[in-house]
Amino acid sequence: SEIKDGIISWLNTQKVNVISFGAFKTQNYNKIYIPEIKRLFDWIENVVPDAVDRLARGTNSLYNSSGKGIKDIKRFKIDSYWVVNYPLHSYIGPHNHFPHSISFGYYVHAPENSSSFLYSDKCLEDILKDSSDCQEQPVKEGQLFLFSSSLMHWVAESTVPHRTMISGDITYLSRFSEKEQSTFQIKDLIK
């Protein structure tokens, strides 16, 4: 792919830690260090508003309110990201990315038979008791998943090595312009 080689080359220069269940993870980043990541993130931030529109359908959220409202301000920004590489037999247990609003996974390298993205609407406790009814989404190289950050998700044990992805969290900026900062302070609540 057009960006894969650059991302893999950059990743090979980054320090990784072995996390629970044997996967390799970089630190969390909030800056863009190479043009390939910039290009990827520009594309992701461009498709997020349409994806959020679809995620918000049927939720009765204020985001869906008629008339001029918060939905008219479709500003989303990648807040942080990290890279995860899955050696043979590694996996990631059930987790979510709350309190962020939207999260993503982009598959930089996904060999044939890579472990699927697994998810469930159930709470962690129920998933740990029985995950047999989870949803499964096979992954492929170059694929992007956008999902609600509160969604419980995980990766089953890898049967092939080197499944590599960029994961991250996206913030909804709502009413804030690029230059405007919130003036809210906790003291405003205490009168």
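Leaving aside its neighbours within four places in sequence, which residues is Ile 166 in contact with? In this predicted model, Ile 166 is in contact with Ile 7, with Ile 37, Leu 40 and Phe 41, with Tyr 81, Trp 82 and Val 83, and with Phe 104, Gly 105, Tyr 106 and Val 108, once those sequence neighbours are set aside.

The setting of these contacts can be described from the secondary structure of the chain, which comes to three helices and ten strands. From the N terminus on, these elements follow one another in the order α-β-β-α-β-β-β-β-α-β-β-β-β. Among the contacts in the chain with a separation of 6 or more, 81% are accounted for by residues 24 or more positions apart.

Ile 166 also appears, together with Phe 41, Ile 44, Phe 104, Leu 146 and Ile 170, among the residues with the most contacts inside the largest nonpolar core, which has 27 residues. At least two residues of this core are supplied by each of the helices α1 (4–11) and α2 (35–56), and likewise by each of the strands β3 (76–86), β5 (102–109), β8 (144–148) and β10 (163–172). The largest share, eight residues, comes from α2. A second core, separate from this one, is made up of 14 residues, including Tyr 86, Tyr 107, Ala 110 and Leu 151. In soluble globular proteins, nonpolar side chains tend to be buried together.

For the chain as a whole, 40% of the 191 residues count as buried, while the area that the chain exposes is about 11600 Å², of which carbon and sulfur atoms supply 52%.

How values were computed:
Residues are numbered from 1 along each chain as its sequence is written. This is a predicted model: local features need pLDDT of at least 70, side-chain atom pairs count only at pLDDT 80 or more; totals for chains, interfaces and linings use all residues. Side-chain values use heavy atoms; hydrogens and water are left out. Helices (H or I, at least four residues) and strands (E, at least two) are DSSP runs, numbered from the N terminus. Buried means under 20% relative accessible area, exposed over 50%, partly exposed in between (1.4 Å probe, protein chains only). Contact means heavy atoms within 4.5 Å. Accessible areas come from the Shrake-Rupley method with a 1.4 Å probe; for residues, only the protein chains shown count as cover. A nonpolar core is a set of buried Ala, Val, Leu, Ile, Met, Phe, Trp, Tyr and Cys residues joined through side-chain atoms within 4.5 Å.
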